[in-house]
Amino acid sequence: MRTPLIAGNWKMNKTSGEAVDLARAVAAGAASAPGADLAVFPVAVHLAAVAAALAGSRVTLGGQDCHTDRQGAFTGSVSAWMLADAGCTRVIVGHSERRHGLGESDDLVGRKARAALDAGVRPILCVGETLAERQAGRSREVALRQLRAGLAHVRPAESGRVEVAYEPVWAIGTGVVAAPPQVVEMHEALRSALGDLLGAAGADGIRILYGGSVTPQNAATLLALPSVDGALVGGASLAADSFLAIARAVPAR
Ligand code: PGA
(Lines give C-alpha, C1' and ligand atoms only; values in the text may rest on other atoms or scores of the structure.)
Protein backbone atom coordinates (compact mmCIF):
# COMPACT_ATOMS: atom_id res chain seq x y z
CA MET A 1 0.00 0.00 0.00
CA ARG A 2 2.94 2.33 0.67
CA THR A 3 5.02 2.29 -2.53
CA PRO A 4 8.66 2.22 -1.43
CA LEU A 5 10.67 5.37 -2.11
CA ILE A 6 14.35 5.12 -2.97
CA ALA A 7 15.85 8.56 -2.39
CA GLY A 8 19.40 9.49 -3.39
CA ASN A 9 20.98 12.15 -1.19
CA TRP A 10 23.95 13.32 -3.24
CA LYS A 11 25.14 15.61 -0.43
CA MET A 12 27.93 18.04 -1.43
CA ASN A 13 29.11 16.02 -4.42
CA LYS A 14 29.26 16.32 -8.23
CA THR A 15 30.05 19.10 -10.64
CA SER A 16 27.08 20.26 -12.71
CA GLY A 17 28.19 18.09 -15.61
CA GLU A 18 28.56 15.03 -13.38
CA ALA A 19 25.19 15.70 -11.77
CA VAL A 20 23.48 15.90 -15.16
CA ASP A 21 25.17 12.69 -16.31
CA LEU A 22 24.10 10.88 -13.14
CA ALA A 23 20.53 12.18 -13.41
CA ARG A 24 20.32 11.06 -17.04
CA ALA A 25 21.64 7.61 -16.16
CA VAL A 26 19.15 7.22 -13.30
CA ALA A 27 16.30 8.37 -15.54
CA ALA A 28 17.38 6.00 -18.31
CA GLY A 29 17.47 3.06 -15.90
CA ALA A 30 14.34 3.86 -13.94
CA ALA A 31 12.22 1.44 -15.93
CA SER A 32 14.29 -1.42 -14.48
CA ALA A 33 12.91 -0.62 -11.00
CA PRO A 34 9.16 -0.32 -11.49
CA GLY A 35 8.40 -1.27 -7.88
CA ALA A 36 9.91 1.87 -6.38
CA ASP A 37 9.37 5.60 -6.55
CA LEU A 38 12.70 7.30 -7.25
CA ALA A 39 13.97 10.71 -6.16
CA VAL A 40 17.35 12.44 -6.28
CA PHE A 41 18.64 15.30 -4.13
CA PRO A 42 21.46 17.27 -5.78
CA VAL A 43 23.11 20.37 -4.35
CA ALA A 44 20.97 23.47 -4.79
CA VAL A 45 23.14 25.05 -7.48
CA HIS A 46 22.57 22.04 -9.76
CA LEU A 47 18.81 21.79 -9.31
CA ALA A 48 17.85 23.50 -12.57
CA ALA A 49 20.30 21.46 -14.62
CA VAL A 50 19.20 18.20 -13.00
CA ALA A 51 15.51 19.13 -13.38
CA ALA A 52 16.10 19.53 -17.11
CA ALA A 53 17.93 16.19 -17.27
CA LEU A 54 15.03 14.44 -15.49
CA ALA A 55 12.27 16.07 -17.56
CA GLY A 56 9.81 13.50 -18.85
CA SER A 57 11.14 10.74 -16.57
CA ARG A 58 9.56 9.24 -13.46
CA VAL A 59 12.48 10.32 -11.28
CA THR A 60 11.57 13.25 -9.05
CA LEU A 61 13.73 16.01 -7.64
CA GLY A 62 14.33 17.21 -4.10
CA GLY A 63 16.38 19.68 -2.09
CA GLN A 64 18.80 18.71 0.69
CA ASP A 65 17.66 21.42 3.11
CA CYS A 66 15.58 24.60 3.24
CA HIS A 67 15.24 27.77 5.28
CA THR A 68 12.17 28.46 7.42
CA ASP A 69 11.29 31.69 5.62
CA ARG A 70 10.03 32.34 2.13
CA GLN A 71 12.57 35.04 1.28
CA GLY A 72 14.68 37.70 2.94
CA ALA A 73 18.07 38.68 4.27
CA PHE A 74 19.42 35.16 4.90
CA THR A 75 22.74 35.02 3.11
CA GLY A 76 23.53 31.63 1.64
CA SER A 77 20.13 30.06 2.36
CA VAL A 78 17.57 28.57 -0.02
CA SER A 79 13.85 28.68 0.74
CA ALA A 80 11.39 25.84 0.25
CA TRP A 81 9.48 28.10 -2.18
CA MET A 82 12.64 28.43 -4.27
CA LEU A 83 13.03 24.65 -4.24
CA ALA A 84 9.45 24.29 -5.45
CA ASP A 85 10.12 26.88 -8.14
CA ALA A 86 13.16 24.85 -9.25
CA GLY A 87 11.02 21.74 -9.70
CA CYS A 88 11.49 20.03 -6.34
CA THR A 89 8.67 17.97 -4.89
CA ARG A 90 10.55 17.09 -1.69
CA VAL A 91 13.09 18.47 0.75
CA ILE A 92 15.17 16.68 3.38
CA VAL A 93 14.92 18.34 6.79
CA GLY A 94 16.83 17.45 9.94
CA HIS A 95 19.58 15.41 8.33
CA SER A 96 22.12 14.48 11.00
CA GLU A 97 24.86 16.29 9.11
CA ARG A 98 22.89 19.47 9.74
CA ARG A 99 21.71 18.62 13.26
CA HIS A 100 25.12 17.52 14.50
CA GLY A 101 27.46 19.16 12.00
CA LEU A 102 25.73 22.56 11.98
CA GLY A 103 23.89 22.56 15.28
CA GLU A 104 20.30 22.62 13.99
CA SER A 105 17.79 22.21 16.82
CA ASP A 106 14.69 20.03 16.91
CA ASP A 107 12.60 23.20 16.93
CA LEU A 108 14.31 24.63 13.84
CA VAL A 109 13.78 21.36 11.98
CA GLY A 110 10.07 21.49 12.86
CA ARG A 111 9.80 24.99 11.44
CA LYS A 112 11.57 23.89 8.27
CA ALA A 113 9.09 21.04 7.86
CA ARG A 114 6.26 23.56 8.22
CA ALA A 115 7.85 25.85 5.62
CA ALA A 116 8.17 22.94 3.22
CA LEU A 117 4.47 22.12 3.53
CA ASP A 118 3.52 25.78 3.10
CA ALA A 119 5.62 25.85 -0.07
CA GLY A 120 3.94 22.72 -1.43
CA VAL A 121 7.02 20.54 -0.99
CA ARG A 122 7.03 17.27 0.96
CA PRO A 123 9.41 17.23 3.90
CA ILE A 124 11.43 14.06 4.53
CA LEU A 125 12.05 14.37 8.26
CA CYS A 126 15.26 12.61 9.31
CA VAL A 127 15.55 11.31 12.86
CA GLY A 128 18.09 9.08 14.55
CA GLU A 129 20.31 8.58 17.54
CA THR A 130 24.09 8.88 17.87
CA LEU A 131 26.23 5.95 18.91
CA ALA A 132 26.57 7.32 22.45
CA GLU A 133 22.78 7.67 22.69
CA ARG A 134 22.27 4.09 21.49
CA GLN A 135 24.84 2.79 23.94
CA ALA A 136 23.05 4.66 26.71
CA GLY A 137 19.77 2.96 25.76
CA ARG A 138 18.25 6.22 24.55
CA SER A 139 17.63 5.43 20.86
CA ARG A 140 13.84 5.49 21.03
CA GLU A 141 13.68 8.49 23.29
CA VAL A 142 15.89 10.55 20.98
CA ALA A 143 14.25 9.53 17.71
CA LEU A 144 10.74 10.05 19.10
CA ARG A 145 11.68 13.45 20.53
CA GLN A 146 12.99 14.48 17.11
CA LEU A 147 9.84 13.11 15.47
CA ARG A 148 7.47 15.02 17.75
CA ALA A 149 9.38 18.29 17.35
CA GLY A 150 9.82 17.78 13.63
CA LEU A 151 6.10 17.30 13.11
CA ALA A 152 4.93 19.75 15.76
CA HIS A 153 3.44 22.11 13.16
CA VAL A 154 1.95 19.45 10.86
CA ARG A 155 -1.83 19.00 10.88
CA PRO A 156 -3.33 15.49 10.70
CA ALA A 157 -4.89 16.36 7.33
CA GLU A 158 -1.38 16.94 5.97
CA SER A 159 0.00 13.54 6.96
CA GLY A 160 -0.19 12.34 3.36
CA ARG A 161 2.45 14.90 2.46
CA VAL A 162 5.04 13.91 5.04
CA GLU A 163 7.77 11.26 4.97
CA VAL A 164 10.13 10.14 7.72
CA ALA A 165 13.63 8.66 7.49
CA TYR A 166 15.13 6.72 10.38
CA GLU A 167 18.84 7.34 10.07
CA PRO A 168 20.97 6.20 13.00
CA VAL A 169 23.89 8.62 13.03
CA TRP A 170 26.38 5.80 13.65
CA ALA A 171 25.28 4.11 10.42
CA ILE A 172 25.61 7.13 8.13
CA GLY A 173 28.64 6.95 5.89
CA THR A 174 30.32 4.39 8.15
CA GLY A 175 29.64 1.12 6.35
CA VAL A 176 28.00 -0.09 9.57
CA VAL A 177 24.38 -0.78 8.69
CA ALA A 178 21.77 -1.18 11.43
CA ALA A 179 20.74 -4.78 12.05
CA PRO A 180 17.23 -5.77 10.95
CA PRO A 181 15.89 -6.13 14.53
CA GLN A 182 17.18 -2.64 15.36
CA VAL A 183 15.53 -1.22 12.24
CA VAL A 184 12.23 -2.96 12.93
CA GLU A 185 12.15 -1.86 16.55
CA MET A 186 12.76 1.77 15.66
CA HIS A 187 10.42 1.86 12.68
CA GLU A 188 7.62 0.32 14.72
CA ALA A 189 8.18 2.82 17.51
CA LEU A 190 8.12 5.67 15.00
CA ARG A 191 4.93 4.41 13.34
CA SER A 192 3.20 4.06 16.66
CA ALA A 193 4.23 7.61 17.62
CA LEU A 194 3.02 8.88 14.24
CA GLY A 195 -0.38 7.42 15.07
CA ASP A 196 -0.45 9.28 18.36
CA LEU A 197 0.60 12.52 16.68
CA LEU A 198 -1.44 12.48 13.49
CA GLY A 199 -4.11 9.83 13.99
CA ALA A 200 -3.89 6.17 13.01
CA ALA A 201 -5.47 6.62 9.58
CA GLY A 202 -3.10 9.36 8.49
CA ALA A 203 -0.05 7.75 10.05
CA ASP A 204 -0.67 4.53 8.19
CA GLY A 205 0.09 6.16 4.86
CA ILE A 206 3.36 7.81 5.93
CA ARG A 207 6.44 6.22 4.43
CA ILE A 208 9.25 5.52 6.88
CA LEU A 209 12.55 5.12 5.04
CA TYR A 210 15.71 3.61 6.48
CA GLY A 211 19.01 5.40 5.86
CA GLY A 212 22.60 4.67 6.82
CA SER A 213 25.10 2.66 4.73
CA VAL A 214 22.47 1.17 2.43
CA THR A 215 24.20 -0.67 -0.44
CA PRO A 216 23.14 -3.02 -3.23
CA GLN A 217 24.43 -5.83 -1.01
CA ASN A 218 22.24 -5.13 2.03
CA ALA A 219 19.25 -3.45 0.35
CA ALA A 220 17.18 -6.57 -0.26
CA THR A 221 17.34 -7.56 3.42
CA LEU A 222 16.41 -4.07 4.61
CA LEU A 223 13.68 -3.45 2.06
CA ALA A 224 12.06 -6.81 2.79
CA LEU A 225 11.35 -5.72 6.37
CA PRO A 226 7.62 -5.00 6.57
CA SER A 227 8.16 -1.75 8.47
CA VAL A 228 10.61 -0.31 5.91
CA ASP A 229 9.06 1.77 3.13
CA GLY A 230 12.19 2.63 1.20
CA ALA A 231 15.70 3.93 1.67
CA LEU A 232 17.51 7.25 1.92
CA VAL A 233 20.83 6.50 0.25
CA GLY A 234 23.97 8.60 0.43
CA GLY A 235 27.23 7.13 -0.87
CA ALA A 236 25.61 4.42 -2.99
CA SER A 237 23.43 7.00 -4.74
CA LEU A 238 26.46 8.65 -6.35
CA ALA A 239 26.60 6.04 -9.13
CA ALA A 240 23.54 5.14 -11.19
CA ASP A 241 24.34 1.43 -11.16
CA SER A 242 24.40 1.09 -7.38
CA PHE A 243 21.42 3.41 -6.87
CA LEU A 244 19.31 1.49 -9.38
CA ALA A 245 20.44 -1.84 -7.95
CA ILE A 246 19.07 -0.73 -4.58
CA ALA A 247 15.80 0.30 -6.24
CA ARG A 248 15.56 -3.09 -7.95
CA ALA A 249 15.97 -4.78 -4.55
CA VAL A 250 12.50 -3.55 -3.56
CA PRO A 251 10.45 -6.73 -3.16
CA ALA A 252 7.22 -7.13 -5.11
CA ARG A 253 4.36 -6.18 -2.79
P1 PGA B 1 25.07 6.86 3.52
O2 PGA B 1 24.26 8.21 3.85
O3 PGA B 1 24.17 6.01 2.64
O4 PGA B 1 26.30 7.32 2.78
O5 PGA B 1 25.35 6.19 4.81
C6 PGA B 1 22.90 8.17 4.14
C7 PGA B 1 22.37 9.54 4.43
O8 PGA B 1 23.11 10.35 5.01
O9 PGA B 1 21.23 9.87 4.08
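The exercises below work through a predicted model of one protein, each with a stepwise solution.

**Exercise 1. Overall build**

Task: Find how many helices and strands the protein has, and decide how its radius of gyration stands against the globule rule.

Solution.
- Step 1. Count the elements. The protein has 11 helices and 8 strands.
- Step 2. Take the radius of gyration. The value is 17 Å, and the globule rule gives 18 Å for 253 residues.
- Step 3. Compare. The two values are close, so the protein is as compact as a globular protein of that length.
- Step 4. Add the box. Along the principal axes, the C-alpha atoms fill roughly 45 × 45 × 35 Å.

**Exercise 2. Burial, contacts and charge**

Task: State what share of the 253 residues counts as buried, then describe the contacts, the surface and the charges.

Solution.
- Step 1. Burial. Of the 253 residues, 54% count as buried.
- Step 2. Contacts. Take those with a separation of 6 or more; residues 24 or more positions apart account for 72% of them.
- Step 3. Surface. The accessible surface comes to about 10,300 Å², and carbon and sulfur atoms hold 55% of that.
- Step 4. Charge. There are 24 positive and 23 negative side chains. The centres of the two sets lie 3 Å apart.

**Exercise 3. Strand S1**

Task: Decide whether strand S1 is enclosed or open, and find its pairing with S2.

Solution.
- Step 1. Count buried residues. In S1, 5 of the 5 residues are buried, so the strand is largely enclosed by the rest of the structure.
- Step 2. Split the faces. Leu5, Ala7 and Asn9 lie on one side, Ile6 and Gly8 on the other. Both faces are covered.
- Step 3. Recall the rule behind the split. Side chains in a regular strand alternate between the two faces of the sheet.
- Step 4. Find the pairing. S1 and S2 run parallel and share 5 bridges. Gly8 has Val40 in S2 as its bridge partner.

**Exercise 4. The loop after S1**

Task: In the loop between S1 and H1, examine the backbone at Lys11 and Lys14.

Solution.
- Step 1. Lys11. This residue sits in the loop between S1 and H1. Its phi is positive, about 50 degrees, though Lys11 is not a glycine.
- Step 2. Lys14. The loop between S1 and H1 also holds Lys14. Here phi is positive too, at about 85 degrees, and again the residue is not a glycine.
- Step 3. Exposure. Lys14 has 27% relative accessibility, so it counts as partly exposed. The partly exposed class runs between 20% and 50%.

**Exercise 5. Strand S6 and its neighbours**

Task: Which strands pair with S6, and which way do the S6 side chains point?

Solution.
- Step 1. Faces. Glu163 and Ala165 point one way from S6, Val164 and Tyr166 the other. All of these are buried.
- Step 2. Pairing with S5. The two strands run parallel, joined by 4 bridges. Tyr166 in S6 is the bridge partner of Val127.
- Step 3. Pairing with S7. Again 4 bridges join parallel strands. Val164 has Ile208 in S7 as its bridge partner.

**Exercise 6. Three buried residues**

Task: For Ile206, Ala171 and Asp106, give the place, the burial and the contacts beyond four places in sequence.

Solution.
- Step 1. Ile206. This residue lies in the loop between helix H9 and S7. Its relative accessibility is 0%, so it counts as buried. Its contacts include Val162, Glu163, Val164 and Leu198. Gly195, 11 residues away in sequence, is 9.9 Å away, C-alpha to C-alpha.
- Step 2. Ala171. Its place is the loop between S6 and helix H8. Its relative accessible area is 0%, so Ala171 is buried. It touches Val176, Val177, Ala178, Tyr210, Gly212 and Ser213. The C-alpha of Thr130, 41 residues apart along the chain, is 8.9 Å from that of Ala171.
- Step 3. Asp106. This residue belongs to helix H5. Its relative accessible area is 18%; buried means under 20%, so Asp106 is buried. Asp106 touches Arg99, Arg145, Gln146, Ala149 and Gly150.

**Exercise 7. Helix H11**

Task: Which residues of H11 are buried, and what covers them?

Solution.
- Step 1. List them. The buried residues are Ala240, Ser242, Phe243, Leu244, Ile246 and Ala247.
- Step 2. Find the cover. It includes strands S1, S2 and S8, along with helices H1 and H10.

Conventions: Residues numbered from 1 in each chain as written. Predicted model: local features only at pLDDT ≥ 70, side-chain atom pairs only at ≥ 80, totals over all residues. Heavy atoms only, no water. Buried < 20%, exposed > 50% of the residue type's maximum accessible area, 1.4 Å probe, protein only. Pairing = 2+ DSSP bridges. Rg over C-alpha atoms; globule rule 2.2 N^0.38 Å. Contact = heavy atoms within 4.5 Å. Areas by Shrake-Rupley, 256 points an atom, 1.4 Å probe, with all protein chains shown as cover. Lys, Arg positive; Asp, Glu negative; His and termini not counted. Charge placed at Lys NZ, Arg CZ, Asp CG, Glu CD.
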